[in-house]
Each structure stands twice: as structure tokens, then as C-alpha cells.
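Me: Got a minute to go through the charged pairs in this one with me? I'll put it up here.

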Amino acid sequence: MLRDFDTEGHVGRAAAELGTDLEGLLEVAFGIDEAMAMLTGRCTHAEWVQALETRLLDDGHHPPAVERLMTVWVEDRGTPVAPTTELVDRLCAAGTPVFVFTNGTDRVPEELEHIGLGHLVPALINACDLGVAKPDPEAYAVAHAEIERRLGRTVGREQVRFTDDRPHNVEAAREFGWQARIFTPPS
């Protein structure tokens with residue numbers, strides 16, 4: 001995990017103002033059709049935000065509370081997870097190729113720049129650019145081909161080390177043949 005979002009802070013409080021908990025809000029946000037479309041490049045982050053706002057209003061939530069939530073959500077670009085970024089920087093300094101494979105949006109490059117991780121944008125492999133998202137097996141195949149293209153050489157699947165905070169993404173990577181493990185946040 002490269003960055004952490006303030007879901008329990010500002011977003012959690014804004015969700016409470018709506019009369020829902022964070023889990024319920026995330027279920028709605030990532031359950032609408034535009035969420036998967038956004039992650040696979042068929043819709044922008046802005047279009048997803050608009051669709052979420054419309055859904056919340058259609059569900060009868062108070063307009064000022066919805067507006068506050070959407071403002072907080074859009075402004076939260078995350079904060080770097082220091083131990084992860086330090087590890088990535090050490091690996092890069094040692095000459096180890098590193099890629100950031102994310103189920104991200106069209107805003108990820110801008111967000112990384114904004115939080116001081118712009119140097120990782122060239123390492124970005126973003127599902128919204130690939131047209132397919134983790135844990136779809138095709139996502140790993142397309143990402144692997146992109147790794148080989150960028151390195152200019154063939155890379156054995158077993159040579160790729162992958163970590164993710166979602167167990168189903170890790171299992172799919174293992175099934176693809178990558179060495180994969182669940183991300184464990186530093187204590």
C-alpha cells in the first residue's frame with residue numbers, strides 16, 4: 001500500500017452526517033456501475049463522483065451533507081505510507097525495477113504528484129489505462145506484458161514479486177504465477 005486515505009477521519013465524519021457508516025458509504029460508492037467503469041478507463045473520476053452524488057441525493061440524503069461529503073472525498077488524495085515509499089525508493093536506488101500496479105483512476109498521476117510521489121508516476125501501471133482491473137486474471141496478463149514492454153525484455157512470471165492489501169488480488173496474482181503476498185502494514 002503506497003498511500004493511505006483519510007476514510008475514518010473527514011470522510012467518516014461526512015458519512016456520519018449523511019446518517020450512514022463508512023462501510024455503507026463505500027458499498028454504495030463502489031457498487032454503482034460507474035465505479036468499475038472508472039477503474040477500467042470507461043469513465044473518469046469526475047463522472048464517478050457525479051454519479052455517486054446523484055445516487056446519494058436520489059437515496060434522499062440531505063443535499064448540504066452530500067455536498068460536504070463529495071468535497072471531502074475529492075480533496076482526499078491520500079498520504080504516502082512512509083515505510084512503503086522508503087522501501088520503493090531503496091529498491092529503485094539499488095537498480096531493482098519497481099512498478100506500482102493499481103486499480104486507480106484517471107487522477108492517480110495528478111494525485112501522486114500532489115502528495116510528493118510524482119517520481120513514481122513513470123512506474124505506474126494503472127488499471128484505468130489497461131482497461132481491466134484486479135483481480136481479473138486478464139489484468140495480471142496485461143500488466144505483465146506492460147512490465148516486459150517497459151523493461152524491453154522477457155520476464156518470467158515467477159520473477160515478479162507482488163503485494164496488495166486485498167487477499168483476492170494476491171490470490172489472483174499467485175494463480176497468474178507471480179510471487180505474491182498480502183501487504184502487512186508496518187507496526
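What follows is a quick chat about salt bridges in this predicted model.

Me: How many salt bridges does a search of the whole structure find?
Reply: Nine salt bridges come out of that search.

Me: OK, which residue does Lys134 form a salt bridge with?
Reply: Asp164, and the closest N and O atoms are 2.8 Å apart.

Me: Where do those two sit along the chain?
Reply: The pair links distant parts of the chain, 30 residues apart. Lys134 is in the loop between helix 8 (127–130) and helix 9 (137–151), while Asp164 is in strand 5 (residues 161–164).

Me: And is Lys134 buried or exposed?
Reply: Lys134 counts as buried because its relative accessibility is 9%, under the 20% cut-off. Asp164 is buried too, at 6%.

Me: Switching over: what about Glu110, which partner does it have?
Reply: Glu110 forms a salt bridge with Arg77, with 3.8 Å between the closest N and O atoms. This pair also links distant parts of the chain, 33 residues apart: Glu110 is in helix 7 (residues 108–114) and Arg77 is in the loop between helix 5 (63–75) and strand 2 (79–80). Glu110 is partly exposed, at 42% relative accessibility.

Me: What does Asp59 pair with?
Reply: Arg55, the closest N and O atoms being 3.1 Å apart. Asp59 is partly exposed at 43% relative accessible area, and Arg55 is partly exposed at 35%.

Me: Last one: which residues are linked in a network of salt bridges?
Reply: Arg3, Arg107 and Glu111 are linked that way.

Technical notes
Residues are numbered from 1 along each chain as its sequence is written. This is a predicted model: local features need pLDDT of at least 70, side-chain atom pairs count only at pLDDT 80 or more; totals for chains, interfaces and linings use all residues. Side-chain values use heavy atoms; hydrogens and water are left out. A salt bridge is a side-chain nitrogen of Lys or Arg within 4 Å of a carboxyl oxygen of Asp or Glu. Buried means under 20% relative accessible area, exposed over 50%, partly exposed in between (1.4 Å probe, protein chains only). Helices (H or I, at least four residues) and strands (E, at least two) are DSSP runs, numbered from the N terminus.
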